[in-house]
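Here's a walk through the charged pairs and the nonpolar packing of one protein model. Have the structure open while you read.

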Amino acid sequence: MIKIALAGNPNCGKTMLFNELTGSNQYVGNWAGVTVEAKEGKLKGEQDVIIADLPGIYSLSPYTPEEVVARNYLVNEEPDVILNIIDGTNLERNLYLTTQLCEIGIPVIMAINMIDIVKRNGDIINLDEISEHFGCTCFEISALKGTGVKKCAKKAVELARTNKGIPPIHHSFDDRVESAIHFISALLPDGTDMLHKRYYATKIFERDELVSADFPDCGDIIKDVERYYDDDSESIIADQRYRYITSCIDECRIKSGKIPVSDKIDSIVTNKYLSLPIFAAIMFGVYYLSVTTLGGTLSELITDRIFGETGLSLVAENLLVSVNCAAWLTSLIVNGIIAGVGAVLSFVPQIIVLFIFLSFLEDCGYMSRIAFIMDKLFRKFGLSGKSFIPILVGTGCGVPGIMSSRTIENVNERRMTIITTTFIPCGAKLPVIALIASALFNGAWWVAPSAYFIGIVAIISSGIILKKTKIFSGDISPFVMELPSYHMPTFKSVARATWDRSWSYVKKAGTIILLASCAVWFLSSFGFYSGSFGMVQKMDNSILAYLGNRIDIIFEPLGFGTWQAAVATLLGLIAKEEIVGVFGVLYDNIGEGFTALSGYSFLIFNLLCAPCVAAMGAIRREMNSAKWTLFAIFYQCFFAYCTSLAIYQLALLFETGAFTISTVFAFIVLAAFIFMLLRKPAKQYIAKR
């Protein structure tokens, strides 16, 4: 098998190129940190060629988890060819990694990506000059539009099959540095792979801990060079690389001198005063259009004509009765499967509209600006912009959002991010938001956007509270991010991202939700009555009602102390969509079980409490600790309960003047919340890794 590794800086277009070459549907976001582990796929039309999509890295010095993954793959797996993807709008930064890739000893092909944006800016890149300086074949490509991609891949396969082992020409450093590297290279054991000797010698000179420990001590040689340059060895190598890159750039690129369109847009959307209001307005518009207007209208059509009482339910019931189908089977199909799964599927249009907007914002480059903007805000509350990237990913699904926290080096900050990421509404929570908004608030414009911003407030307030405890205290991680150039997303890229996310929702409806709806129907249709077990006329006599009545008292202070709401909340831990499925089976009209205030309290609790089983599993994997996983789930449920309690009881007091023992607890919660926000931070605590 031939292995081709895609390597490049974060956000240079590797994953998009990977999808184009392999036909895969890996997640693509126009910000750094989307890929956190190596992913492999077969090149379309070539069954013996494997393409590996490596995490984005700035160098081969392992400062971050992504750099460790990429470096280990390149050095240990030894791919036949490295396809180095370079952002053509930022050559200087990207070529720094190229100088290191050329030293590994593996053939390299350079792909200058985003060439359409380069040309739009009026810049000119001389491919022949770059090829001559780095000893690599160089191509212009646009992964977004597919320009030059096949030609580049064909050359990589050809190089792997015909010229294995022929490395590119690595550049030379100053004479004194070169002498030291040659001397170190000569000291390497005879068994050292000759292909990698230059790489190992340079890393030893840089005092790279992961390499130096396995080779002879060369400290005296390095110290002599450091004294001469009056700098540390790693900085010396970095300076040498950038000097070489600068000399190349002068010969390889002609700048137009025009102000790029991206810079003009950023002067507005990242403005100190306008950035947050613009972000709030955009997200308000996204949720308003997805839930209340466009998406809501489409969902109503599906509900009324397909899954409504005069739609599929009536047709199925008439058909089953006409063939003398058993009453229990008719009830299962009509009241269980169609009512439960149909309730979930009726929200597919809203899901699709939401994901279209989110995919567009991610792909065009705006969402990366939000991470940059939110860094300033989050830093004041104990988190950094790196913590906002998992939140952005989590708007689609909490599982990849939680996994994206791997890019955060600080262990305390990573744990805080994992705990709070699922506060943001994911695609599975959107049907719950839409159901409450339409059934209890007559489709009020403010309900859906408020759910999103409640999630943001919950994350920020949790960051403040947790950061002030001993366990989570410490310095905030630095956040460095290159803002990608804006571009108009293609229909193909938006459609692919929307389809991938929406299809995941539909698959869950056809599997987990289907099974859960059947279980809910059985438990709500059968029970013990008059001393015997069988189908019951009233759900209040069912097994499900019996179980729900044992736990509904827990939620009574929150305003939804009915067994139906209690059951829906518990089954929501399997999949949040199942809340809607449960309501579809148990309620003819949810207005019978909720007031507007209790419904909103129910919504808040289920948005903030522990996520679905799949997300809890992701928390367990990323925490790598049962203790921390239990803490995360407990904190999420406790925070959700306290928030819902305070909002419901204080709003009820304001609305009706009712004052009960629950109102007292609501005031205690509010006072404790304010105290935790305002108290002084605890002394720094060093967490054990």
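What follows covers the salt bridges, a buried aspartate and the nonpolar cores.

A quick word on ground rules: this is a predicted model, where local features need pLDDT of at least 70, side-chain atom pairs count only at pLDDT 80 or more, and totals for chains, interfaces and linings use all residues. Residues are numbered from 1 along each chain as its sequence is written, and side-chain values use heavy atoms, with hydrogens and water left out.

**Salt bridges**

Searching the whole structure turns up 19 salt bridges, each being a side-chain nitrogen of Lys or Arg within 4 Å of a carboxyl oxygen of Asp or Glu. Three of them are listed here, with the closest N to O distance for each pair.

| Pair | N to O distance |
|---|---|
| D116 and K145 | 3.8 Å |
| K155 and E158 | 3.7 Å |
| R501 and E362 | 3.0 Å |

Take D116 and K145: D116 sits in helix α4 (residues 115-120), while K145 is in the loop between β7 (137-140) and α6 (149-162), 29 residues apart. Helices here are DSSP runs of H or I with at least four residues, strands are E runs of at least two, and both are numbered from the N terminus. K145 is exposed, at 55% relative accessible area. For that scale, buried is under 20%, exposed is over 50% and partly exposed is in between, using a 1.4 Å probe and protein chains only.

K155 and E158 are three residues apart in helix α6, so about one helical turn separates them. Both are partly exposed: K155 at 26% and E158 at 40%.

R501 and E362 tie together parts 139 residues apart in sequence, because R501 lies in helix α24 (residues 491-510) and E362 in helix α17 (residues 348-364). R501 is buried at 11%, and E362 is buried at 2%.

There's also a salt-bridge network linking E46, D48 and R161.

**A buried aspartate**

D87 belongs to strand β4 (residues 81-87). D87 is buried but has no salt bridge, and R253, its nearest side chain of opposite charge, is 9.3 Å away. The D87 side chain does make a polar contact (N or O atoms within 3.5 Å, one able to donate a hydrogen and the other to accept it) with the side chain of T89, at 2.6 Å.

**Nonpolar cores**

The largest nonpolar core has 106 residues, and I370, F388, F583, F594 and F602 touch the most other members. Such a core joins buried Ala, Val, Leu, Ile, Met, Phe, Trp, Tyr and Cys residues through side-chain atoms within 4.5 Å. A second, separate core of 56 residues includes I82, Y200, F215 and C252.

Terms used. Lys, Arg positive; Asp, Glu negative; His and termini not counted.
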